[in-house]
Amino acid sequence: MPASATANRPEELVERLGVGGAAAEGEALLKALREVKNQIIGNKTKKLLYLHLGAVPRIVSVLASAEGGGDAALIVQAAAAIGSFACGVEDGVRAVLDADAVPQLTRILSYPDEKVVDAGARSLRMIFQSKLTPKYDVLQEKNMKFLLSLLYRENENVTELAASIIAHSCERHEEQKALCDAGVLQRLVKLLGGPLNQRDACLESIEAIVRNNSEVAQKFACIDNGKALSSLIELIQDRYPRTRLLACICLIAIRHASPCYVQEMQIKTKLILILIELLEEPGKAGDEAPFALTNLIMDEEELHKQAISINAVEKLCNFFYKGPIEARRLQGILLALAELCSKLEKCRSQLISLQVLNFIVDALKHDCTDVRTAACSCIRNISRSLKNLSAGHLSSETVVVPLVQLLHDESSSVQVAALGAICNVAVNFATRKSVFIQCGGVSQLVQLAKSMDSTLRLKSVWALRNLMFLADRKDKECVLMELTVSNLASLICDSEHPIQEQALTLVSNLIDGCGDTFEHAFAEDSAIINALTRILHSASSPGVCMQACNQEAESTNTLVQVLHLFAMHSLRDLIRTFYRCIEMLPIKGMFLLANIAAGNEFHKEVVLNCLVPPQPNGNNPSFIIKFLQSKENLLRVASVWCIVNLTYRDGLCSSTRVARLRDAGIISQIKTMVNDPCLDCKLRVRMALEQCMDFENSEHVH
């Protein structure tokens, strides 16, 4: 083996990375640094080998020894090697950070030799591209001054570094406002006229500063009387794909933060067209384009319609026929299609007609977790179409079996997404429910319904609920055999209100339509009825309700802080959803009791014992009296319906039930509701009172 080859072995090179004092030793060190750098560029295996050999701390020590001066060539090679280690390898970033390279690289930005400054800036930029790198605290005055000093340097590598640091570190409203108040946006706008890399870094930085911040977005839009905004609009037609993408992302961020800007349909249509065209581009620009498209049109039906008008669905689907698609891009395309199918039936029909369902199903088996999740989201939204469900497009084994297999996925996010798709598809399995049961779907849903993860429990119970919808007696028996009455009773009393709500609907679907399955509510010593009674008692107790609210508030405290970063309607939706669950529980529970009370004498007696226990609990009134006094119309209607069914004259025990209801003060409460503001409730009240009056009249006759 030649001596030169031996000298270039990684072990030998690492040994030579010691700091040399003499000129000859310095020359040897320079050669070693250059050789290490050349070997690791684009070679992950070599990077990992040198990391294992401890090369990074030795290289950083070269920078440290150059404090106050030193050989510029050595510093340049050392900085370049550090940047290479941090590029694309997380272990490399960790090693660079652990060796305290950032302060050393920051120091050389003040070096008189521009080549040294360039090398330091490029290396730092690679480090700040990693999510592992700590955020730069721009709220500290000295940090802000340093960042501004970088932005106002004439060196384009340094200004690009400053923009990269801002894009990496700016997340909170306070940071956005501080940067805006310091005049950073104005400087970034001026730098947009510079070289390509600097321009792209500035666009990323602008997007980070305006994201979800209406105040800052408005200030940006007003810079130079709107010229800054016009500059972005011009850049969406730039010759470079990445620049076009970043300019689109900036405009989308401004539009979301402050909808009064970028509201012209012509601009929004142009954005959709450009983002779809960018999918043709190789590299990151093409990979990220569909995510930007999804963000642009999200939850906006008008933009969905506009996208359809320019054949967005067809253009997106065409990529499936062009051969293998890289995972990131495939995920983005699936998410864009999922969003387009979330609202409009025309979109779902068009996607089915383009015959790409097989490609989407294939994506359910993809190696990438994110792709599998996106494919599930796509199927979930396609299955919002009753037409597609009825036609059986989504209930065949081809679709059902892969979805069921994903319930075993090692990723909980994939499991949740698969459950979301199954929830929709299960509604209209009709005669194909047995397919789902035979491939082990019910068994796995039952297992997930016992999960410690509340989201998995909720989605699983939801899917079981939909599977039970309009099922025949055989399928209901099969589902309940897997689930068991005791587990169902436990779910009714789950600690999470949404899960309780879905469990009650599951019971309603179980007993609906089939006389035999009606009896399951009374199995195992009426376990389901007892669970239902417990949550109705809890729902009628203000103390318990307030305690639940306090617990929810404590558990979501961190979430509320996060949501504060975003539009306030998100926080309102969170609170509204929570209180809706609390309100719906007693409503669903009382309608369920009313349904059971429509049964035979035994069923009526069990329901009556729930409302009026044979052994009264002190002076506490029945929970139904509180429900009859509720301000919620549906709760009053459900409660009165229950009384109507209990007082229906169909047996010898009817008069006894009326007497017990009267003694418990329930009939008196009903009488106060003859002029109820809700017409439906008023009609049921009169029906109940007429039935009670019949009993009173018959008693007088006897």
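In the predicted model, R684 counts as buried, at 19% relative accessibility, a value that falls under the 20% limit for burial. Its salt-bridge partner is D680, with the closest N and O atoms 3.0 Å apart. D680 is partly exposed, with a relative accessible area of 32%. Both residues belong to helix 44 (residues 679-701), where four residues, or about one turn of the helix, separate D680 from R684.

This pair belongs to a total of 27 salt bridges in the structure. Another of these contacts joins E171 to K135, whose closest N and O atoms are 3.4 Å apart. E171 is placed in the loop between helix 11 (156-169) and helix 12 (173-181), and K135 in the loop between helix 9 (114-128) and helix 10 (141-151); the salt bridge therefore ties together parts that are 36 residues apart in sequence. Both ends of this contact are partly exposed, E171 at 44% relative accessibility and K135 at 41%.

A further salt bridge is formed by E300 and R255, with a separation of 2.7 Å between the closest N and O atoms. Because E300 lies in the loop between helix 19 (283-297) and helix 20 (301-309), while R255 lies in helix 17 (residues 241-257), the pair ties together parts that are 45 residues apart in sequence. The two partners fall into separate accessibility classes: E300 is partly exposed at 23% relative accessibility, whereas R255 is buried, with a relative accessible area of 8%. Salt bridges also link K177, D181, E215 and K219 in a network.

Aromatic contacts were examined next. Four aromatic pairs are found in a search of the whole structure. In one of them, the ring centres of F320 and F359 are 5.6 Å apart and the ring planes meet at 10°, so the pair is stacked. This contact links distant parts of the chain, with F320 in the loop between helix 21 (312-318) and helix 22 (327-340) and F359 in helix 24 (residues 357-363), 39 residues apart. F320 is buried, with a relative accessible area of 7%, whereas F359 is partly exposed at 29% relative accessibility.

F359 also pairs with Y321; here the ring centres are 5.0 Å apart and the planes are at 75°, so the arrangement is edge-to-face. Y321 lies in the loop between helix 21 and helix 22 and F359 in helix 24, so this pair ties together parts that are 38 residues apart in sequence. F320, Y321 and F359 form one aromatic cluster.

Charged side chains are also placed over aromatic rings. The charged end of K322 sits over the ring of F319, at 4.6 Å from its centre. R187 lies over the face of Y152, 4.7 Å from the ring centre.

The backbone was considered last. Most residues other than glycine have a negative phi. V262, which is not a glycine, has a positive phi of about 55°. This residue is located in the loop between helix 17 and helix 18 (265-278), and V262 counts as buried at 6% relative accessibility. A positive phi, near 75°, is also found for T484, a residue other than glycine. T484 lies in the loop between helix 32 (473-483) and helix 33 (485-492) and is partly exposed, with a relative accessible area of 27%.

How values were computed: Residues numbered from 1 in each chain as written. Predicted model: local features only at pLDDT ≥ 70, side-chain atom pairs only at ≥ 80, totals over all residues. Heavy atoms only, no water. Salt bridge = Lys/Arg side-chain N within 4 Å of Asp/Glu carboxyl O. Helix = DSSP H or I, 4+ residues; strand = E, 2+ residues; numbered from the N terminus. Buried < 20%, exposed > 50% of the residue type's maximum accessible area, 1.4 Å probe, protein only. Phe/Tyr/Trp six-rings, centres within 6.5 Å; stacked < 30°, edge-to-face > 60°. Lys NZ or Arg CZ within 6 Å of the ring centre and 35° of its normal.
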